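Colleague: I would like to learn how to read a model like this one from the bench side. Could you take me through it feature by feature?

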Amino acid sequence: MSEQRPDKFEPILMDEEILKEAIEKNRPKDAAGRTVKVEGVTFNDIPTLCLQFRSILKIDHLWEFTCLTKLELNNNLIKKIEGLDCLLNLTWLNLSFNSIEKIEGLESLRKLEVLNLSNNRITVIENMDTLESLTLFCLKNNLLGQLDNVLYLTKFKNLFTLNLCGNPVSKEDDFKVFITAYFPNMKFLDYRYIDEKTKKEASIKYHYVLEKIKRDGLQAQQAAEATQRQEAELQLHHDAFVEFLNGSYLFKDMLKDDLEADKLHHLPGVATLLHAFEHQMVELCMQLFEIGLAEHKRRQTEVNSFFSGHSEAVPHYQHKASQILVNFEQQNKERLEEMQHLTEPELLKLKVNQCNDEINLLCNNLTMLDFQLVSQLEDITKKFDINISEMVGSFSETAQGIFAQCRDLEDNYNEKVREIAVATLEKVAKGSTEGMPDDVRMLFTDKDTVMDALTSGHDNHLMKINDRETRLVTCVNAWKVALVKGIQDKELKRSRMRISGIHRYMDYLREQLEELQ
């Protein structure tokens, strides 16, 4: 990693010709030192690419190297890190001895473990957030000047080797102890092992730092675990098709953006009605939520039971097929050995015909066995389809019943609010508006506007209930259809592969006979 760039060079562009030349140069050699010719090698088959000392100006034409794990681009004239987005499997990147001024273009390299940016012109450590697998980072002989900037690297929990020598920051008196304190898992700093003496000095001088790191680490771990639990819980709710039904989410969604209805809530008695309506709606939603989780558990048990039965059926038939093949191959071997010693054409022809008959019989037996397996799996799948359809149908029916109760609550609430609104219209008509907010009083000067607001709000509330009901029923049924179809398609593909394998084996056996003849 520490080669020096030659003084004389001719700048070149990184194109397909350069890449092919590099691949050819790095091919394995035989005992005599000659390059081994490999047929059919394409860019997406190459694991390692060495392009050092080429005076390359720009990283380019690497989009086909999808299997590349190691890339050497040191000792070139590269000014910008770019063109690496498709190298998703890269674990080693060497860009030392170039003219790079900024760390960038590494976002896609999530598997990167070794990064060498030594002998460039970099002033800031940045834009490396996605490099979670980084274990070795070499940035020696750059222009890094802020010691605090090195703390950016504390997020990389697997970083054990760091090289910053030759940077202005490494000349600070406290540099080594500072790094040791803030990077307790660091093993090597600037090519040297961090000894116990340095660790002890760091623990004394930066005691408060180490305690803070422990606290922060524990808090970060707890926060991450809490986030994982929340995500897992939300995923469970989605899988059960009852997401956001465990509370007042649906009720609040119904009343959202209903400005005219908000004015009606200021009428005497409406707030009490609204509170009771919300309480009853939440009770129904929670009831559906609990039922949904229980039904999801039932469906998962049925799915697991199906795949368990499926797994038991396949090995049984595989064992039978293996026994048939073992018996055939032993007898076939004896028949072929016998025919090799025959000299009479007629007798040889008779034996060949007998062998063909045995091959046909084997083909029929294996095909019949596969047919029996397919039939059994179809029966298992059919039974599973019936059971899971009944579960989905029952859950859908229960959900529709609960949503119908939600609509009844909305109808009842709307009817009572309408009665209050009519009474209020009569009061306003008589001039009795004392204590009434101005916007409400203005609304109730026009009966048609009030009735339209009530109707519009009622329709909107019902639409939100209907939409949530439709989404639940549609999604759970779509899940069932996709699950069963996926099982059937996968088994059909497996059956075709088994049959194709049988026919290929039969062709192979017949070719053996033809060669013998």
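Modeller: Gladly, and let us start with strands: two of them pair if DSSP finds at least two bridges between them. Helices (H or I, at least four residues) and strands (E, at least two) are DSSP runs, numbered from the N terminus. Please keep in mind that this is a predicted model, where local features need pLDDT of at least 70 and side-chain atom pairs count only at pLDDT 80 or more, while totals for chains, interfaces and linings use all residues. Residues are numbered from 1 along each chain as its sequence is written, and side-chain values use heavy atoms, with hydrogens and water left out.

Colleague: Which residue of S4 is the bridge partner of Trp92?

Modeller: That is Val114. Strand S3 (residues 92–94) and strand S4 (residues 114–116) run parallel, joined by three bridges. Both belong to an open sheet of eight strands with mixed pairing, in the order S1-S2-S3-S4-S5-S6-S7-S8.

Colleague: Which strands stand at the edges?

Modeller: Strand S1 (48–50) and strand S8 (192–193) do. Each has a single partner strand, so one side of each is left without a neighbour in the sheet.

Colleague: What should I look for in the loop between strand S7 and S8?

Modeller: Look at Asp190, which sits in that loop, just after S7 (188–189). Its phi is near 55°, a positive value in a residue other than glycine. Asp190 is also buried, at a relative accessible area of 18%. Here buried means under 20% relative accessible area, exposed over 50%, and partly exposed in between, using a 1.4 Å probe and protein chains only. Phe241 is another case: phi is positive at about 65°, although Phe241 is not a glycine. Phe241 is in the loop between helix H4 (207–239) and H5, and counts as buried at 11% relative accessibility.

Colleague: As a biochemist I always ask about cysteines. How many disulfides does the structure hold?

Modeller: Zero, taking a disulfide as a pair of cysteine sulfur atoms within 2.5 Å. For Cys67, the nearest cysteine sulfur is that of Cys86, 12 Å away. Cys86 is likewise in no disulfide, with the sulfur of Cys67 as its nearest. Cys67 is partly exposed at 41%, and Cys86 is partly exposed at 34%.

Colleague: And charged pairs? How many salt bridges does the count come to?

Modeller: Side chains of opposite charge can pair when their charged atoms come close. The rule asks for a side-chain nitrogen of Lys or Arg within 4 Å of a carboxyl oxygen of Asp or Glu, and the count comes to 18 salt bridges. One of them joins Lys70 and Glu72, at 4.0 Å from N to O. Lys70 is partly exposed at 28%, whereas Glu72 is buried at 9%.

Colleague: Which parts does the salt bridge between Lys464 and Asp253 tie together?

Modeller: The closest N and O atoms of Lys464 and Asp253 are 3.7 Å apart. Lys464 lies in helix H10 (residues 447–516) and Asp253 in helix H5 (residues 249–255), so the pair ties together parts that are 211 residues apart in sequence. Lys464 is buried, with 17% relative accessible area, while Asp253 is partly exposed at 26%.

Colleague: Where do Arg510 and Asp507 lie?

Modeller: Both are in helix H10, three residues apart, about one turn of the helix. Their salt bridge has its closest N and O atoms 4.0 Å apart. Arg510 is partly exposed at 27%, and Asp507 is partly exposed at 41%. There is also a network in which salt bridges that share partners join Asp370, Glu491, Arg494 and Arg498.

Colleague: Last topic: how are H8 and H10 oriented to each other, parallel or antiparallel?

Modeller: Two packed helices are described by the angle between their axes and the distance between the axes. Axes are lines fitted to C-alpha atoms, for helices over the stretch in contact, and angles run from 0 to 180 degrees between N-to-C directions. Angles under 35 degrees count as roughly parallel, over 145 as roughly antiparallel, 65 to 115 as roughly perpendicular and the rest as oblique. The axes of H8 and H10 come within 10 Å and cross at roughly 175°, and the two helices are therefore roughly antiparallel.
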